Structures are given as C-alpha cells and as structure tokens.
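Open the model in your viewer and keep the sequence panel beside it. The stops below suggest what to select next and what to look for once it is selected.

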Amino acid sequence: MAVPIKAGIEKVPGGLMLVPMLVGAVVHTAAPGSGEFFGSFTGALYTGLPAILAVFYVCLGATLDVKATPYIAKKGGVLLGTKVLFALVVGVVLGRFLGESPVSGGVFAGLSTLAVVAALNDTNGGLYMSLMAQFGRKRDVGAYSVMSLESGPFLTMVTLGVAGLSAFPWQTLVGAILPLVLGMLLGNLDPEMRRFLAPAVPALVPFLGLSLGLTLNLTAVWEAGLLGAGLGLFVVLVGGAVLLLADKASGGDGIAGLAAATTAGNAAVVPSIVAAANPVYAPAAEYATVLVASSVVVTSILCPLITVFWARRILKQPSAADGLGDAIADGDGPSPAPHHVAGANREAAAQHDGT
C-alpha cells in the first residue's frame, strides 16, 4: 500500500524544505547529542550542510541558460536588481542602528540585519513561475533564469559588506559563488550535462532542510512568533510594493513584481553560511535562521493571494485565480503554459527554494 508522503509534504508551503527542517529541529532539540552518538554517515548529516549546498549550487547553476532572450534578460534583470538594491538600502539603514549583533531585548529581540537581508535577497522561484504560468506569462516564467543568480549567500555577504558591516575576505566571496558559476559553465557548454544535473536540484532540497534543522533548537522557533510573521509581512508588502513600482516603471503591469515578493526556502541556510564565513555574525545566525524560515511560510501564503488580487484588477479575469490552492501548497501549481518555456530550469528551480 502506497503512502503519499511527498504529496502530503507538498501541502505545506515550502514543505520539501520546511518539513525535513522541522524534523531535524525536533531531533536536535530532543536529543542534541545524537549526531555524536551515532557518528558515521548519520553524524555526517549534522555537519554536512556545506557539502550538500556546494553540490546543490553546482546542479542549480547547470539549469541557468546565459542565452536568455532580451525580454527575459530585461524583466529578470529589473526584478533581480530591484530586490538586491532594496535589500542593500534596508541593510545600510539597519546596519547603522544594529550593526552585526541581534537586538538583545524587547519586542524585536533577536532581529538582526543578517535576518532581514537574507529574507529579502532570495525569491521563491517555484511560486513565481507557477503564478506567471497561470496568467499565461511565458516570457515572465523564463525571467527567473536571470533571477536565480541571487541564490546562495554571495549577495547577502556583499550587501552586508557594502552596508558598512564586517566584510568578508575576497576568497570567501569567490568561494560562495564558484559552485554556481561552475554549474553554469557545465550546463551551457554541454546540454547533456544540464539534463543530467538539473533533476538533482529538487532531490537535494529535503536534505538541505534536514541538515539545517539538525542545527536548530525549537525553543528559538517558538520565540520567533510574531517577529517572524512580521518579517514575512515586510518582505511581501513593503518589498512587493517596491517590486511592483519597478516592474511598472520598466513597462510591465506589476504582476511579475508582486509574484517575486517572497523569501526562498533555501534562504534559511544563508545565516549559518554567513556565520561560518565570519564568526562575528554567529550570535545572530541561529535566530536569523528561524526568522527567515518564518518569512518563507508567510510569504508563500500571502504572495499568491496578493498577486491574484492585483491580477484580477489588471486583467479583469476572475478565472485567473484558478489553481491558487495548488500554488500556495507547493509553489508549483497547475500550469497552462508549456513546460518547454523554461526548459530544465523550470523543473529545477521549482524546488530550489524549498517549495
């Protein structure tokens, strides 16, 4: 008798990332020494996050096609540039008040520049492409091939450095983006390598979630509460407004901009990577991970609702909301657009963000 495990997990927003992460967090909270107790391959899951991420980014990079059409390059460039610039402005402002450390007390206890920048800097690609496909925006689906360049800790590290906070050695910055570049090189030189590596992207997402969860204590998750929800609201409402204006200013109607106002599931791993690269961020990293994970859930739920509401006004098509439940559930709802629109990138990126 078959048990629909995957289907059940995907009913949770960002489930393929968040459910394994929750399982890992439960294990770590209940038995924090279990990794050392079992050792061997089981223990490696507790400490193998960097290695899994390195493989993940090589495979993800292989899905990115540098021969994007001018429209795709323009749309993707506008959305990517706006997200990065907005995160930079917010990082500069928060950096002046908070520095590298989290808020130590009060309503905003645990909030840090690292958490906010990480939540802003990475888009839920599966959800974005699903929404664009529902509205028949074939070229906008392809624009995510450009936006995928924000994946990983590289832009977050750069943003923190530009914001005047503790910077990172150039070797660390290069090392953060090198696996993605290597994957892009392999995928663009040989289409067979792209087809070979692309299917590994969604398969690696649950392992990323589990390894990350094995570093978390659920006590901190409980304490995130309203602060985590507030961070998600900031990303989807304030960030969405900025992206909508940028989209309209570039000749769009704002739908793609709103659909990009999310936090990717894999953004939850960024704080721990940043802290490993520069220990000055270590005090903020654990709580930042929890806040970013909360933002993933909140934006996965609210972004489709807001985007469909706006699209109804713009397109005057109430039926455009069909399939919304599936889009919220797994970030990759029913798509009337042909799958060849984004090629291998569509299959890979639909899960890269933990949806």
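## A guided tour of the model

Begin by selecting Gly228, which lies in helix H15, the helix that runs over residues 218-249. Bear in mind throughout the tour that this is a predicted model. Is Gly228 buried or exposed? With a relative accessible area of 0%, Gly228 falls under the 20% limit and therefore counts as buried. Now display its surroundings: leaving aside residues up to four places away in sequence, Gly228 touches Leu291, Ser294 and Ser295. If you add Ala293 to the selection, you can check that its C-alpha atom is 7.9 Å from that of Gly228, although 65 residues separate the two in sequence.

**The whole chain**

Zoom out and colour the chain by secondary structure, which comes to 20 helices and zero strands. Of the 355 residues, 54% count as buried. Among contacts between residues at least 6 apart in sequence, 83% join residues at least 24 apart.

Next, colour the chain by pLDDT, whose mean over the protein chain is 79, with 81% of the residues reaching 70 or more. Among the elements, helix H13 (residues 191-197) has the highest mean pLDDT, 94, while helix H19 (residues 324-330) has the lowest, 37. Then select residues 318-355, where pLDDT stays under 50, and for which the model has 111 contacts beyond four places in sequence. Where pLDDT is low, the predicted coordinates should not be read in detail.

**The nonpolar cores**

Which residues have the most contacts inside the largest nonpolar core? Select Phe56, Leu114, Val116, Leu120, Leu160, Val274 and Leu291 to see them, and remember that this core has 53 residues. Helix H5, at residues 49-62, gives the most to this core, with eight residues. Apart from it lies another core, of 24 residues, which includes Leu244, Ala260, Ala261 and Ala311.

Now move to helix H7 (residues 113-120), which is mostly covered, since eight of its eight residues are buried. They are Thr113, Leu114, Ala115, Val116, Val117, Ala118, Ala119 and Leu120.

From there, select Thr156, whose place is in helix H11 (residues 154-162). Thr156 counts as buried, at 1% relative accessibility. Not counting residues up to four places away in sequence, Thr156 touches Leu114, Val117, Ala118 and Asn121, and also Val270 and Val274. For a further look along the chain, pick Ala267, which is 111 residues away from Thr156 in sequence, while the C-alpha atoms of the two are separated by 9.8 Å.

**A polar contact after H7**

Continue to Thr123, found in the loop between H7 and helix H8 (125-134). What does the side chain of Thr123 make a polar contact with? Show side chains and you will find that its partner is the side chain of Lys83, at 3.0 Å. Thr123 is buried, with a relative accessible area of 0%.

**Two aromatic pairs**

The structure holds two aromatic pairs, and each deserves a separate view. For one of them, select Phe37 and Phe38, whose ring centres are 5.0 Å apart and whose planes stand at 90 degrees, so the pair is edge-to-face. Both Phe37 and Phe38 are exposed.

For the other, select Phe86 and Phe234, whose ring centres are 5.9 Å apart and whose planes meet at 25 degrees, so this pair is stacked. This pair links distant parts of the chain, with Phe86 in helix H6 (residues 70-98) and Phe234 in helix H15, 148 residues apart. Phe86 counts as buried at 16% relative accessibility, whereas Phe234, at 27%, is partly exposed.

**An unusual backbone angle**

Most residues other than glycine have a negative phi. With that in mind, select Ser40, where phi is near 50 degrees, a positive value in a residue other than glycine. Ser40 is found in helix H4 (residues 40-47), and its relative accessible area of 62% makes it exposed.

**Last stop: cysteines**

How many disulfides does the structure hold? The number is zero. Two cysteines to select here are Cys59, which counts as buried at 5% relative accessibility, and Cys303, which is buried with a relative accessible area of 1%.

Terms used:
Residues numbered from 1 in each chain as written. Predicted model: local features only at pLDDT ≥ 70, side-chain atom pairs only at ≥ 80, totals over all residues. Heavy atoms only, no water. Core = buried A, V, L, I, M, F, W, Y, C linked by side-chain atoms within 4.5 Å. Buried < 20%, exposed > 50% of the residue type's maximum accessible area, 1.4 Å probe, protein only. Helix = DSSP H or I, 4+ residues; strand = E, 2+ residues; numbered from the N terminus. Contact = heavy atoms within 4.5 Å. Phe/Tyr/Trp six-rings, centres within 6.5 Å; stacked < 30°, edge-to-face > 60°. Polar contact = N/O pair within 3.5 Å; in protein donor to acceptor, adjacent residues only side chain to side chain. Disulfide = S-S within 2.5 Å. pLDDT = per-residue confidence, 0-100.
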